[in-house]
Amino acid sequence: MNHFPDPPPVTERLSRALRDLSAVERWAAHTGTGAEETWEGPRFGVATESCDGMHEVVGITWSAPAGAGPRGEPAEADRVVLHSSVRALLDMAEHESGPAHTEVVLTRRGPRVLSCRLGDTTVTVTGAGRD
């Protein structure tokens, strides 16, 4: 009888997914330009609920910097980018069920994931997290 290994803990899966995604983003940022990218742009919090590996976006909020006033809903094109980026990250992290909250900044060169929280685990692009 075959015994399958236990899946890696959520911190390891999410950290690996963020590292892989960051590597792709860095590659894309430097392809053809050689210019260093800044992570400036509107920041959004994307709340999702997953069931059987299907990720539904249940809310998008603008993360206003200190002193900034409220801002309306993101444009439809930005919503599509946010949905796609977050769903791809959750797929890469093998997230099957439960809530998640992902912070994304929309730079001139495209979306960049800043952090993701799955349950009690938060992983940032710097790798901090707990399981």
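**Exercise 1. Place Met54 in the predicted model and decide whether this residue is buried or exposed.**

Step 1. Met54 belongs to strand β2, and the model in which we read this is a predicted one.

Step 2. The relative accessible area of Met54 is 62%, and since a residue counts as exposed when this value is over 50%, Met54 is exposed.

Step 3. Across from Met54 of β2 stands Cys51, and the strand β1 (residues 43–51) is joined to β2 by 8 bridges in an antiparallel arrangement.

Step 4. In sequence Met54 and Asp91 are separated by 37 residues, while in space their C-alpha atoms are 8.7 Å apart.

**Exercise 2. Work out the order of the strands in the sheet, and explain why β2 and β5 each have one side without a neighbour.**

Step 1. Begin with the inventory: the protein has 2 helices and 5 strands, and along the sequence these elements follow the pattern α-β-β-α-β-β-β.

Step 2. In space the sheet is open, its 5 strands pair in the antiparallel sense, and their order is β2-β1-β3-β4-β5.

Step 3. β2 (54–62) and β5 (121–124) are the edge strands, and because each of them has a single partner strand, one side of each is left without a neighbour in the sheet.

Step 4. Ignoring direction, neighbouring strands of this sheet are turned against each other by 25° on average.

Step 5. Helix α2 (residues 76–92) packs on the sheet, where it touches β1, β2, β3 (98–107) and β4 (110–118), and the direction of α2 makes about 130° with that of β2.

**Exercise 3. Describe the edge strand β5, its pairing with β4 and its two faces.**

Step 1. Between β4 and β5 there are 4 bridges, and the pairing is antiparallel; within it, Thr122 of β5 has Arg117 opposite.

Step 2. The hairpin formed by β4 and β5 has 2 residues between the strands, and Gly119 in this hairpin takes a positive phi near 60°.

Step 3. In a regular strand, side chains alternate between the two faces of the sheet. In β5, Thr121 and Val123 make up the covered face, whereas Thr122 and Thr124 make up the uncovered one.

**Exercise 4. Determine which residues have the most contacts inside the largest nonpolar core, and examine the surroundings of Thr102.**

Step 1. The largest nonpolar core has 20 residues, and Leu82 and Leu118 are those with the most contacts inside it.

Step 2. At least two residues of this core come from each of α1, β1, β2, α2, β3 and β4.

Step 3. Leaving aside residues up to four places away in sequence, Leu82 touches Phe44, Val46, Ile60, Pro74, Val104 and Leu106.

Step 4. Thr102 is a residue of strand β3, and its relative accessibility is 0%, so Thr102 counts as buried.

Step 5. With residues up to four places away in sequence again left out, the contacts of Thr102 are Phe44, Gly45, Val46, Val86, Leu89, Val113, Ser115 and Cys116.

Step 6. For the protein as a whole, buried residues make up 36% of the 131 residues, and among the contacts with a separation of 6 or more, 58% join residues 24 or more positions apart.

**Exercise 5. Compare the loop residues Asp52 and Glu94 in their phi values and their exposure.**

Step 1. Most residues other than glycine have a negative phi.

Step 2. Asp52, in the loop between β1 and β2, has a positive phi near 55°, and Glu94, in the loop between α2 and β3, has a positive phi near 60°.

Step 3. Asp52 is exposed, with a relative accessible area of 66%, whereas Glu94, at 41%, counts as partly exposed.

**Exercise 6. Identify where confidence in the predicted model is lowest and highest among its helices and strands.**

Step 1. The mean pLDDT of the protein is 78, and 69% of its residues reach 70 or more.

Step 2. Confidence is lowest in helix α1 (residues 10–30), where the mean is 69, and highest in β1, where the mean is 94.

Step 3. Over residues 127–131 the pLDDT is below 50, and this stretch has 14 contacts in the model beyond near neighbours in sequence.

Note on methods:
Residues are numbered from 1 along each chain as its sequence is written. This is a predicted model: local features need pLDDT of at least 70, side-chain atom pairs count only at pLDDT 80 or more; totals for chains, interfaces and linings use all residues. Side-chain values use heavy atoms; hydrogens and water are left out. Two strands pair if DSSP finds at least two bridges between them. Axes are lines fitted to C-alpha atoms, for helices over the stretch in contact, and angles run from 0 to 180 degrees between N-to-C directions. Contact means heavy atoms within 4.5 Å. pLDDT is the predictor's confidence in each residue, from 0 to 100. Buried means under 20% relative accessible area, exposed over 50%, partly exposed in between (1.4 Å probe, protein chains only). A nonpolar core is a set of buried Ala, Val, Leu, Ile, Met, Phe, Trp, Tyr and Cys residues joined through side-chain atoms within 4.5 Å.
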